[in-house]
Amino acid sequence: MEILLIIIIGLLHAGGLYMLLRRSMFKMIIGLILLGNGANLLIFLMGRLVKGHPPVIEDGLKVFTEIYADPLPQALVLTAIVIGFGLQSFAIILIKRVYKVLETDDLDELNSTDEDI
């Protein structure tokens, strides 16, 4: 199971980097989304996959006696998802506004300073 997740993480990072190198701003946002999801999966995988075991100590025990789920990576991933969603929403609205004003999302055309806005 972990090998499959490692392959998926590699594919998400590769796809994200490929999309970041495209000329379209919309494809750049898709690349950021893929990279963010790959990073979230990587953080989640670092906490080890434990199926069916809670991240809390049962009543009457002072220490864990069995393998347990680490709650820190889960909390970090949840926070990263919320922050990533806010960033993606802002970027999409910004790109929509740029496209409405300039009628292009090509980064090479946006870099040219020949036209006045």
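A residue counts as buried here when its relative accessible area is under 20%. Keep that cut-off in mind as you click around this predicted model.

**Stop 1: the whole chain**

Start with everything on screen. You'll find four helices and zero strands, so to speak an α-α-α-α run from the N terminus on. Of the 117 residues, 20% count as buried. Turn on the surface if you like: the accessible area comes to about 9100 Å², and 66% of that belongs to carbon and sulfur atoms. As for contacts between residues at least 6 apart in sequence, 52% of them join residues at least 24 apart.

**Stop 2: helix H1**

Now select residues 2-20, which make up H1. Pick the two end C-alpha atoms and check the distance: they sit 27 Å apart, which agrees with the 27 Å that 19 residues should span at 1.5 Å a residue.

Next, colour Leu5, Ile9, Leu12, Gly16 and Met19, the buried residues of H1. Where do they lie around the axis of H1? They're on the same side of the helix, because the arc they cover is only 100°. There's a handy rule behind this kind of pattern: an α-helix has 3.6 residues a turn, so residues three or four places apart point the same way.

What do the buried residues of H1 pack against? Show H2 as well, and you'll see that H2 is their partner. Then spin round to the face of H1 turned away from its buried side, where Ile3, Leu11 and Tyr18 are exposed.

**Stop 3: Asn40 in helix H2**

Move on to H2, residues 25-46, and select Asn40. Is Asn40 buried or exposed? With a relative accessible area of 12%, Asn40 is buried, since the cut-off is under 20%. Leave aside the neighbours within four places in sequence, and show what else touches this residue: Asn40 is in contact with Val77, Ala80 and Ile81.

**Stop 4: the salt bridge**

Last stop. Side chains of opposite charge can pair when their charged atoms come close. A search of the whole structure finds one salt bridge. Select Asp106 and Arg23 to see their side chains meet, at 2.5 Å from N to O. Asp106 is in the loop between H3 (71-102) and H4 (107-111), while Arg23 is in the loop between H1 and H2, so the pair ties together parts that are 83 residues apart in sequence. Before you leave, look at how covered Asp106 is: its relative accessibility is 12%, so Asp106 counts as buried.

Methods: Residues numbered from 1 in each chain as written. Predicted model: local features only at pLDDT ≥ 70, side-chain atom pairs only at ≥ 80, totals over all residues. Heavy atoms only, no water. Buried < 20%, exposed > 50% of the residue type's maximum accessible area, 1.4 Å probe, protein only. Contact = heavy atoms within 4.5 Å. Areas by Shrake-Rupley, 256 points an atom, 1.4 Å probe, with all protein chains shown as cover. Salt bridge = Lys/Arg side-chain N within 4 Å of Asp/Glu carboxyl O. Expected span 1.5 Å × (residues − 1). Arc of directions from axis to C-beta.
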